[in-house]
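Thanks for coming. I will put the model on the screen and talk through how its helices pack.

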Amino acid sequence: MNRREFITGAILAAASGFCPPAFARARYLPGESVRSLAVRDNLPEILGVDDIHEADVFLDSGELPLLLSVVARLKRLRHTLGYGNFSLMGFDYALSNAAAYSSIGAFPPAEATFMEKIFYEDASIYGFLGDKKLSGITDTIRLERIVKIPGTGNCLYQGKPLATYKKIMADVGKDAVLTSGLRGIVKQMLLFLNKARHHGGNLSLASRSLAPPGYSYHGVGDFDVGKRGFGVANFTERFTTTRVYSTLVDTGYVKLRYTRGNRLGVRFEPWHIKVVTS
Ligand SMILES: [Zn+2]
């Protein structure tokens with residue numbers, strides 16, 4: 001079975017996690033544990049991630065049509081091949097599938113070059129200071145090492161990520177759910193560019209809530225956990241009001257990937273489970 005057949009054959013649910021909107025103002029809650037408070041202390045540090053700052057870096061206005069057309073084509077790709085397949089998709093596979101389906105349409109050279117520029121550009125130029133986890137745009141998720149998590153539409157790597165997830169489910173209980181697992185470069189590209197598209201090509205703003213493609217720890221093993229049935233509220237401050245969150249904190253699972261002072265240029269994400277240690 002080749003890679004294409006594997007992905008196309010993988011039946012993955014349509015639901016797919018993402019890490020969307022910004023926090024509203026943080027408040028302390030009655031009865032919160034000290035450790036919960038310690039984590040929540042970080043929230044005010046990262047308020048206003050969707051505010052425009054004077055030093056924000058934008059795409060050149062001439063690139064905005066490319067931004068729009070790339071985002072639209074990536075969405076058509078996602079629609080045609082399904083959210084689950086799209087989540088795991090590599091760059092070369094995206095290009096070949098776009099060309100294969102008239103409902104998507106091949107990426108013109110200018111669009112492919114634009115995505116390459118976004119990927120290889122040093123993200124610190126626009127304020128994102130995290131380490132790059134995947135160095136090549138054609139780097140792929142190791143499909144032979146993934147495990148589909150039933151009922152979530154998401155996948156995890158075998159080994160430490162899967163073991164951590166299973167332990168969380170055992171410790172937190174059936175209220176917990178995997179809300180976002182492994183993401184390939186193409187999915188991260190769409191998330192990042194779509195955020196920039198909604199904000200006039202503001203790459204700095206986009207990178208404050210979404211790691212640029214290649215920089216996301218979701219590409220190497222980290223994942224997000226939420227409360228079952230809580231929907232997109234799992235990616236807002238409201239998640240910190242749930243028992244799932246307080247249990248995650250009290251059992252030490254929520255380790256600060258993006259710490260105080262917003263050092264990496266990303267908001268604090270209390271739903272993010274740090275698995276990868278390097
Ligand atoms: Zn995350």
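The buried residues of H6 pack against two helices, H3 (64-81) and H8 (185-198). This is a predicted model, so read every number here as computed from predicted coordinates.

H6 itself runs over residues 109-120. From first C-alpha to last, its 12 residues reach 16 Å, close to the 16 Å expected at 1.5 Å a residue. The buried positions in H6 are Glu111, Phe114, Met115, Ile118 and Phe119. Why do they sit on the same side of H6? Because they cover an arc of only 135° around the axis. The general background is that an α-helix has 3.6 residues a turn, so residues three or four places apart point the same way. The other side of H6 carries exposed residues: Pro109, Ala110, Thr113 and Lys117.

Now to H3, one of the two partners of H6. H3 has 18 residues, which should span 26 Å at 1.5 Å a residue, and its end C-alpha atoms are indeed 26 Å apart. Its buried residues are Leu66, Leu67, Val70, Arg73, Leu74, Leu77 and Arg78. Seen down the axis, these fall within an arc of 145°, so they line one face of H3. Two arginines are on that buried list, Arg73 and Arg78. Turned away from the buried side are the exposed residues Pro65 and His79.

What do the buried residues of H3 pack against? The partners are helix H4 (83-88), helix H5 (91-100), H6 and H8. Just after H3 comes Gly82, with a positive phi of about 95°.

I will take two of these pairs by geometry. Two packed helices are described by the angle between their axes and the distance between the axes.

For H3 and H6, the angle is about 95° and the axes are 10 Å apart. That makes H3 roughly perpendicular to H6, since angles of 65 to 115 degrees count as such. On the H3 side the contact is made by Leu66, Ser69, Val70 and Arg73. On the H6 side it is made by Ala110, Glu111, Phe114 and Met115. Note that Ala110 takes part in this contact although Ala110 is among the exposed residues of H6.

For H3 and H5, the angle is about 80°, again with the axes 10 Å apart. H3 and H5 are therefore roughly perpendicular to each other. Here Arg73, Leu77 and Leu81 in H3 meet Ala94, Asn97 and Ala98 in H5. Arg73 thus appears in the contact with H6 and also in the contact with H5.

Next, the core. Which residues have the most contacts inside the largest nonpolar core? They are Leu156, Val186, Met189, Leu193, Val225 and Leu248, in a core of 63 residues. The largest share of this core, eight residues, comes from H8. In soluble globular proteins, nonpolar side chains tend to be buried together.

Met189 links back to the helices already described. Leaving aside neighbours within four places in sequence, Met189 is in contact with Leu74, Met115, Ile118 and Pro213. Leu74 is one of the buried residues of H3, and Met115 and Ile118 are buried in H6.

Leu248, also on the core list, is in helix H10, residues 243-250. The buried residues there are Val244, Tyr245, Ser246, Leu248 and Val249. H10 is followed by Gly252, whose phi is positive, near 85°.

Two single residues remain. Ser209 lies in helix H9, residues 203-209. Is Ser209 buried or exposed? Ser209 is buried, because 21 other C-beta atoms lie within 10 Å and the cut-off is 20 or more. Ser209 and Glu269 are 60 residues apart in sequence, but their C-alpha atoms are 8.9 Å apart in space.

Tyr215 lies in the loop between H9 and strand S4 (223-227). Tyr215 is buried too, with 24 other C-beta atoms within 10 Å. Not counting residues up to four places away in sequence, Tyr215 touches Ala123, Phe128, Gly130, Lys132 and Lys133. Tyr215 and Leu134 are 81 residues apart in sequence and 6.7 Å apart C-alpha to C-alpha.

To finish, the whole chain. The chain has 10 helices and five strands. Of its 278 residues, 44% count as buried. Of the contacts with a separation of 6 or more, 79% join residues 24 or more positions apart.

Notes: Residues numbered from 1 in each chain as written. Predicted model: local features only at pLDDT ≥ 70, side-chain atom pairs only at ≥ 80, totals over all residues. Helix = DSSP H or I, 4+ residues; strand = E, 2+ residues; numbered from the N terminus. Buried ≥ 20, exposed ≤ 12 C-beta atoms within 10 Å, placed from the backbone. Contact = placed C-beta atoms within 7 Å. Expected span 1.5 Å × (residues − 1). Arc of directions from axis to C-beta. Core = buried A, V, L, I, M, F, W, Y, C linked by C-beta atoms within 7 Å. Axes fitted to C-alpha atoms, helices over the stretch in contact; angles between N-to-C directions. Parallel < 35°, antiparallel > 145°, perpendicular 65-115°, else oblique.
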